[in-house]
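Here are a few short exercises to work through with the model open beside you. Try each task before you read its solution.

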Amino acid sequence: MSETENKEVVEKAAEEECRFCVSKPGRRVIAESEYGFAAYDLHPASPGHFLVIPHRHFASYFDINDDELVDLWKLVARAKEICDKDHNPDGYNVGINVGTAAGQSIHHLHIHVIPRYFGDVENPKGGVRGVCLLYTSPSPRDHSRYLVCRLLLEKWGGGGGGGGGGGGG
């Protein structure tokens, strides 16, 4: 997708009702702050998967201001403490999808915090690098990238694509 096409998708999404800007019945908020809130993901990748979402509507992490940056990462830490107590995970994957090409499907910044548990995947080594294995395309250039990702994963033991991906972005 070209940069122009990506901007068109983002602009169209901004015109539609944003599910993070509107209060939803059933949303399970974990914690709130001046600049955002943490809530359990409605389509969790694992038990306890939560999102940290700014109140201000903007799509890209790279458009965040300094006050929001500090506040949202403090909110990640606060909600993680609650998740530790409620779910007792063995580890976490933390990630942000920026742009359609990176899998962002809701064009309002949100930080995924995905609890991980021993045994939830066969081999978690490589963590989020496993997303490379989800990448497939008929383009020869894209296929080359896919092969490079596979080689890197094999070298670092990520092999079969574990790593805690997650629904939606």
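**Exercise 1. Find what percentage of the residues in the protein is buried.**
Solution. Start with the cut-offs: buried means under 20% relative accessible area, exposed over 50%, and partly exposed in between, with a 1.4 Å probe and protein chains only. Then apply them to the 169 residues of the protein: 34% are buried.

A word on the source: this is a predicted model, where local features need pLDDT of at least 70, side-chain atom pairs count only at pLDDT 80 or more, and totals for chains, interfaces and linings use all residues. Residues are numbered from 1 along each chain as its sequence is written, and side-chain values use heavy atoms, with hydrogens and water left out.

**Exercise 2. Write down the order of helices and strands along the sequence.**
Solution. Helices (H or I, at least four residues) and strands (E, at least two) are DSSP runs, numbered from the N terminus. Counting them gives three helices and five strands. Reading along the sequence gives α-β-β-β-α-β-β-α.

**Exercise 3. Describe the surroundings of strand S5.**
Solution. First, check burial: S5 spans residues 111-116, and six of its six residues are buried. Next, sort the side chains: Ile 111, Val 113 and Pro 115 point one way, while His 112, Ile 114 and Arg 116 point the other way.

Now look for partners, remembering that two strands pair if DSSP finds at least two bridges between them. S3 (residues 50-54) pairs antiparallel with S5 over three bridges, with Val 52 bridged to Ile 111. S4 (residues 91-95) also runs antiparallel to S5, joined by five bridges; here Asn 93 stands opposite Ile 114.
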